[in-house]
Amino acid sequence: MTSLLEARQVSRVFGTGLLNKTGTLAVDGVSLVIKEDRPSITAIAGESGSGKTTLARLLLGMIQPTKGEILYKGRSLTSMDRQGREEFRRQVQAIFQDPYESYNPVYKVDQVLTLPLRKFRLTHSKEQTHQRMEESLRMAGLRPEETLGRYPHQLSGGQRQRIMVARALLLNPRIILADEPVSMVDASLRATILESLVKLKRDLGISLVYITHDLTTAYQVSQNIYILYRGSVAELGSVEEVIKHPRHPYTRLLVSSIPLPDPDIRWGGGSEMDTKSATGTAHVDDAKGCKFVSRCPFAMAECRHAPPPLYRTEDDRAVACYLYKDHPTVSGGEMAESFASA
Ligand code: SF4
């Protein structure tokens, strides 16, 4: 089975230069595979500083990896010809957190939607363009008569976010990377927007990479999940298993801080670690041992000497933690491949 989109051991360092020789390691050896003929929803979860947005930008080809490579249909983005690059830019679309920022306030919705159609020369008449816009708006759960002809400020936050979905759909994408798509939207609208993303996979066969800090919505929409901590994969597996039975101490911390309807009760009976200090990016020179060691209540001497490899604890789960060293090790690439093919 061919891979549609693949991250192969990608790392990204920021801030190296004349004055700063070490830099910040935003993404550290992450592998991910999305298969061509198996639409899926994969969540990339972590807190701010975990590297998830940098990973999204790498997958979109917006920035280059420092190490490793991103491949689309088996071809590296860096060595793709113009035609391949154009196909990639059309078929891999993004939906960002703040739709307002993505709009030019002087453009009406119609212009927002016609621009990509023109750029990729996908329609050949005004009628075709209009028909395509209407179809995409409906697929995104909007009524064309309530949205076309309006300016962004005349729409609600939920409508603006759906227009971003419609804009992505115009180009018949194969994959959508949705980076915190509902974090700026009212809780009442969150479920309906997420449902429309799930429908894209179900009805149109579009794969989604869902980037979020929110494990509750990750659980609602995705099949597989990658938990990132300071740029590295701490745990990956089926979302059902990882959220219900987290293994990595960091995943346990995240899950324990998911609020239940009663704000006094937390999953896991309360946090055994300090959730407030959960963030912090890694520097290239401090990656000697486990990145979580300073906060881990289970830390052992070996945790300080070398970063833990991924241990495969179940067929569909791997954890980067020495607590699971009785299990066989597995590479991130093998694990990503096995998820994507399952
Ligand atoms: Fe904690 Fe050690 Fe596991 Fe890191 S490797 S999470 S420090 S037990």
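Two strands are taken to pair if DSSP finds at least two bridges between them. The legends below describe close-up views of a predicted model.

**View 1. Strands β6 and β7 are joined in the parallel sense.** The two strands are linked by 4 bridges. Within this pairing, glutamine 93 has isoleucine 176 of β7 as its bridge partner. Helix α2, residues 82-91, lies across β6 and β7, and runs at about 40° to β6.

**View 2. Strand β7 is enclosed by the rest of the structure to a large extent, because 5 of its 5 residues are buried.** Ile175, Leu177 and Asp179 point one way from the strand, whereas Ile176 and Ala178 point the other way. Residues on both sides are buried, a term that denotes under 20% relative accessible area.

**View 3. Strand β8 pairs with β7 and with β3.** β7 and β8 run parallel and are connected by 5 bridges; leucine 177 stands opposite valine 209 of β8. β3 and β8 are likewise parallel, with 5 bridges between them. Here threonine 42 is the residue that stands opposite valine 209.

**View 4. The sheet is open and contains 9 strands.** Their order is β6-β7-β8-β3-β9-β10-β13-β12-β14, with mixed pairing. β6 and β14 (329-330) occupy the edges and have a single partner strand each, so one side of each lacks a neighbour in the sheet.

**View 5. Helix α8 joins β7 and β8 in a right-handed β-α-β unit.** The helix lies across β3, β6, β7 and β8, and its direction makes an angle of about 150° with β8. The 18 residues of α8 (187-204) should span 26 Å at 1.5 Å a residue, and the end C-alpha atoms are 26 Å apart, which agrees. Just after the helix, glycine 205 adopts a positive phi of about 70°.

**View 6. The buried residues of α8 pack against both strands and helices.** The buried positions are Ile193, Leu194, Ser196, Leu197, Val198 and Leu200. An α-helix has 3.6 residues a turn, so residues three or four places apart point the same way. The strands contacted by the buried residues of α8 are β3 (41-45), β6 (92-95), β7 (175-179) and β8 (207-212); the helices are α7 (157-170) and α9 (215-221).

**View 7. The whole chain, shown for context, has 12 helices and 14 strands.** Of its 342 residues, 49% are buried. The accessible surface is about 16,000 Å², with 49% belonging to carbon and sulfur atoms.

Notes: Residues are numbered from 1 along each chain as its sequence is written. This is a predicted model: local features need pLDDT of at least 70, side-chain atom pairs count only at pLDDT 80 or more; totals for chains, interfaces and linings use all residues. Side-chain values use heavy atoms; hydrogens and water are left out. The expected span of a helix is 1.5 Å times one less than its number of residues. Buried means under 20% relative accessible area, exposed over 50%, partly exposed in between (1.4 Å probe, protein chains only). Contact means heavy atoms within 4.5 Å. Axes are lines fitted to C-alpha atoms, for helices over the stretch in contact, and angles run from 0 to 180 degrees between N-to-C directions. Accessible areas come from the Shrake-Rupley method with a 1.4 Å probe; for residues, only the protein chains shown count as cover. A crossover is right-handed if, with the strands pointing away from the viewer, the path from the first strand over the helix to the second runs clockwise.
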